[in-house]
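Subject: Handing over the structure

Hello,

I am passing this structure on to you, along with some notes on what turned up in it. Please have a look at the sequence and the fold before reading on.

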Amino acid sequence: MQPQYTGEEIAVFLVLNYLQENKHDELFVSIDYVGYCLTGRFIDSQNDKNLIKGIKKGFAGLKKEEDITILNQNRNNYIIDGKSCYIDTKQFHFIIIQLWEIQKIFSSLGAYGFNVLRFFVNIIGTINGNSKSWHMTQDDMVLSWGFSKNTVNEYLCKLEELKLLYTFRSKARKADETFHRVGNVYGRYNDKELVRQEGIQYLSTVPNHPIKPFHFNRTSVKLKYNNFLHGSKKYNSLEEVEKLYKECIRYNESFKDFPNDNIDYLDLSVF
């Protein structure tokens with residue numbers, strides 16, 4: 001599946017491909033069955049409304065793009081042409097996503113898992129089969145996959161929390177005129193030792209400067225910023241406003257080298 005596919009389409013297709021054992025068979029599936037495969041449990045029509053909606057959206061999208069052939073449908077039940085769920089691994093590049101990985105995402109995140117799964121498929125698709133890892137900057141992920149910078153960081157953190165992804169963080173900048181950050185190295189969590197080794201090896205091939213520890217009180221700046229927004233008399237002084245503006249710039253820049261799970265950039269257009 002390519003980056004232009006939605007998370008809902010990817011999830012449904014992965015399940016259909018998993019269930020399809022013979023490319024000449026017809027495949028009978030239902031919304032409930034797909035939901036069970038995604039979560040590892042029986043889904044509930046009330047508590048899992050968004051998940052069910054997402055699965056239906058996935059079927060509709062795959063049908064519209066003619067990626068699967070639906071031979072017959074009765075409400076939430078489908079008969080699929082098995083050939084349309086088959087991938088010729090000798091002819092096409094393919095990505096192996098294990099069912100337990102899918103279930104770990106959806107059992108923990110529910111319908112939110114559709115977007116996280118799409119990101120997971122994208123990043124796993126970059127991994128080198130020999131080293132079990134790949135190096136890529138978050139800026140490259142934004143450009144390649146259409147996610148925002150905040151979303152990329154959020155999904156990376158979420159996949160690390162679920163122990164599906166391991167990240168070797170370079171904590172260094174290139175020793176050239178760009179001074180860009182050296183890309184982190186990513187891989188499956190189960191391959192973390194190989195990922196760590198590859199990260200150390202990759203870092204040794206790139207001339208770099210270690211990023212020095214940086215201490216910045218974000219909480220204090222955020223408090224001052226909120227006071228400014230609420231009309232604090234302190235900021236009737238132009239000097240104080242200019243001082244706060246510079247601190248807010250440093251606040252936003254601090255996330256580049258020291259991100260956390262909840263990046264919250266300050267809107268500087270209010271000045």
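Below is a short tour, from the whole chain down to single residues.

First, a word of context: what you have here is a predicted model.

**The chain as a whole**

The protein chain has 271 residues, of which 41% count as buried. It holds 10 helices and 8 strands, and its C-alpha trace spans about 75 × 50 × 30 Å along the principal axes. The accessible surface comes to about 15,900 Å², and carbon and sulfur atoms account for 48% of that. If you take the contacts between residues at least 6 apart in sequence, 62% of them join residues at least 24 apart.

**The cores**

Which residues have the most contacts inside the largest nonpolar core? They are Leu38, Phe59, Ile105, Phe119 and Ile123, in a core of 51 residues. Ile123 is a good one to click on: leaving aside neighbours within four places in sequence, Ile123 is in contact with Met141, Trp145, Leu156, Leu165 and Tyr186. Apart from this core lies another, of 11 residues, with Val241, Leu244, Tyr251 and Leu266 among them.

**Helix H1 and its two partners**

Helix H1 covers residues 7-19, and helix H5 covers residues 113-124. Their axes come within 8 Å and cross at roughly 75°, which means that H1 is roughly perpendicular to H5. On the H1 side, the contact is made by Gly7, Glu8, Ile10, Ala11 and Leu14; on the H5 side, by Phe114, Leu117, Arg118 and Val121. Sorted by type, the residues of this contact are 6 nonpolar, 1 polar and 2 charged.

H1 also packs against H2, at an angle of about 95° and with the axes 10 Å apart. The angle falls between 65 and 115 degrees, so H1 and H2 are roughly perpendicular to each other as well. Here H1 contributes Ala11, Val15 and Leu19, while H2 contributes Tyr33, Val34, Cys37 and Leu38. The make-up of this contact is 7 nonpolar, no polar and no charged residues. Ala11 is worth finding in the viewer, as Ala11 takes part in the contact with H5 and in the contact with H2.

**Helix H2 and what surrounds it**

Helix H2 runs over residues 31-39, and its buried residues are Ile31, Val34, Gly35, Cys37, Leu38 and Thr39. What do these buried residues pack against? Their partners are H1, strand E1 (26-30), helix H3 (49-64), strand E3 (77-81), helix H4 (99-109) and H5. Leu38 appears again in this setting: Leu38 is buried in H2, touches H1, and is one of the residues with the most contacts inside the largest core. After H2 comes Gly40, with a positive phi near 80°.

**Two isoleucines to compare**

Ile95 lies in the loop between E3 and H4. Is Ile95 buried, partly exposed or exposed? Its relative accessibility is 27%, so Ile95 counts as partly exposed. Not counting residues up to four places away in sequence, Ile95 touches Val121, Ile124 and Gly125. Ile95 and Ile124 are 29 residues apart along the chain, yet their C-alpha atoms are separated by 7.4 Å.

Ile200 is found in helix H8 (residues 192-205). With 51% relative accessibility, Ile200 counts as exposed, because the cut-off for exposed is over 50%. Ile200 and Thr219 are 19 residues apart in sequence, and their C-alpha atoms are 34 Å apart in space.

**Two residues with positive phi**

Most residues other than glycine have a negative phi. Against that background, two residues are worth a look.

- Glu66 has a positive phi, near 60°. Glu66 is found in the loop between H3 and strand E2 (70-74), and is exposed, with a relative accessible area of 70%.
- Lys163 has a positive phi, near 55°. Lys163 sits in the loop between helix H7 (149-161) and strand E5 (165-168), and is partly exposed, with a relative accessible area of 45%.

Enjoy exploring it, and do write back with any questions.

Best wishes

How values were computed:
Residues numbered from 1 in each chain as written. Predicted model: local features only at pLDDT ≥ 70, side-chain atom pairs only at ≥ 80, totals over all residues. Heavy atoms only, no water. Axes fitted to C-alpha atoms, helices over the stretch in contact; angles between N-to-C directions. Helix = DSSP H or I, 4+ residues; strand = E, 2+ residues; numbered from the N terminus. Parallel < 35°, antiparallel > 145°, perpendicular 65-115°, else oblique. Contact = heavy atoms within 4.5 Å. Nonpolar A, V, L, I, M, F, W, Y, C, P; charged D, E, K, R; others polar. Core = buried A, V, L, I, M, F, W, Y, C linked by side-chain atoms within 4.5 Å. Buried < 20%, exposed > 50% of the residue type's maximum accessible area, 1.4 Å probe, protein only. Areas by Shrake-Rupley, 256 points an atom, 1.4 Å probe, with all protein chains shown as cover.
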